[in-house]
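User: I should like to learn how to read the features of a helical model. Could we proceed one feature at a time?

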Amino acid sequence: MTSFKKRLLSALFLATLVGAPAYAGEIKQNMKQMSQAFRGAMSSSSTAEMAPYVAALKASGTAASRLSLSGTAEEQATYRQGMQQLQNAFSELDRAIASGNLDNAKAILQQIKNTQKTYHSKLGV
């Protein structure tokens with residue numbers, strides 16, 4: 001599977017939460033922003049440097065969570081569960097950054113990545 005196709009499928013997964021109808025361009029843009037912010041956060045050498053990347057990651061994640069695509073009730077429930085885990089991780093990430101704990105913040109970012117992989121697998125994307 002091509003990298004673009006994986007990104008598009010990831011975007012479609014994130015966009016299935018109940019909300020405004022999603023358009024491929026919107027989803028693609030949010031996913032691109034999330035990916036860039038994630039990479040920036042992971043490459044940060046301090047929590048102060050990481051903070052703006054995390055803010056961008058959260059903003060794009062929140063925007064993506066408001067988009068909706070058609071899917072089964074089970075897919076919608078799975079998506080909402082994944083998005084709730086993402087929001088919980090964002091809260092933990094905020095606490096790690098506020099306390100200046102870079103290692104913990106990066107560990108939480110890795111958990112976010114693992115959650116993404118888990119839910120993409122559950123939804124077959």
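**Reading a helix and its surroundings**

Analyst: In helix α5, the buried residues are L102, A105, I108, L109, I112, Y119, H120 and L123. The model is a predicted one.

User: Why do the buried residues of α5 line one face of the helix?

Analyst: The general idea comes from helix geometry. An α-helix has 3.6 residues a turn, so residues three or four places apart point the same way. In the present case, the buried residues of α5 fall within an arc of 120 degrees when viewed down the axis, so they line one face.

User: Which exposed residues does the face of α5 turned away from the buried side carry?

Analyst: That face carries D103, K117, S121 and K122, which are exposed.

User: How does α5 begin, and what follows it?

Analyst: At the N-terminal end, N101 acts as a cap: one of its side-chain oxygens lies 3.4 Å from the backbone nitrogen of D103. After α5 comes G124, which has a positive phi, near 70 degrees.

User: How is the length of a helix to be checked, and what span do α5 and α4 show?

Analyst: One compares the distance between the end C-alpha atoms with the span expected at 1.5 Å a residue. For α5, with 22 residues, the first and last C-alpha atoms are 32 Å apart, close to the expected 32 Å. For α4, with 26 residues, the expected span is 38 Å and the end C-alpha atoms are 37 Å apart, which agrees.

User: Which residues of α4 are buried, and what follows this helix?

Analyst: Q76, T78, Y79, G82, M83, L86, A89, F90, L93, A96 and I97 are the buried residues of α4. The helix is followed by G100, whose phi is positive, near 75 degrees.

User: Is R80, in helix α4, buried, exposed or partly exposed?

Analyst: The classes rest on relative accessible area: under 20% is buried and over 50% is exposed. R80 has a relative accessible area of 37%, so it is partly exposed. Its C-alpha atom is separated by 8.4 Å from that of S65, 15 residues apart along the chain.

User: How should S60, in helix α3, be read in the same terms?

Analyst: The relative accessibility of S60 is 5%, so this residue counts as buried. Not counting residues up to four places away in sequence, S60 touches N30, Q33 and M34.

User: Which residues touch the most other members of the largest nonpolar core, and which helices supply it?

Analyst: A core is read by asking which buried nonpolar side chains are joined to one another. The largest nonpolar core here has 22 residues, of which M50, L57, L93, L109 and I112 touch the most other members. Helices α2 (24-42), α3 (47-65), α4 (73-98) and α5 (102-123) each supply at least two residues. The most come from α4, which gives 8 residues.

User: What does M50 contact, leaving aside its neighbours within four places in sequence?

Analyst: M50 is in contact with A41, S44, I97, L102, A105, K106 and L109.

User: What is the pattern of the protein chain as a whole, and how much of it is buried?

Analyst: The chain contains 5 helices and 2 strands, in the order α-β-α-α-β-α-α. Of its 125 residues, 37% are buried. Among contacts with a separation of 6 or more, 71% join residues 24 or more positions apart. The chain exposes about 6800 Å², with 54% supplied by carbon and sulfur atoms.

Conventions: Residues are numbered from 1 along each chain as its sequence is written. This is a predicted model: local features need pLDDT of at least 70, side-chain atom pairs count only at pLDDT 80 or more; totals for chains, interfaces and linings use all residues. Side-chain values use heavy atoms; hydrogens and water are left out. A nonpolar core is a set of buried Ala, Val, Leu, Ile, Met, Phe, Trp, Tyr and Cys residues joined through side-chain atoms within 4.5 Å. Buried means under 20% relative accessible area, exposed over 50%, partly exposed in between (1.4 Å probe, protein chains only). Helices (H or I, at least four residues) and strands (E, at least two) are DSSP runs, numbered from the N terminus. Contact means heavy atoms within 4.5 Å. Accessible areas come from the Shrake-Rupley method with a 1.4 Å probe; for residues, only the protein chains shown count as cover. The arc is that of the directions from the helix axis to the C-beta atoms. A polar contact is a pair of N or O atoms within 3.5 Å; within protein, one must be able to donate a hydrogen and the other to accept it, and residues adjacent in sequence count only if both atoms are side-chain atoms.
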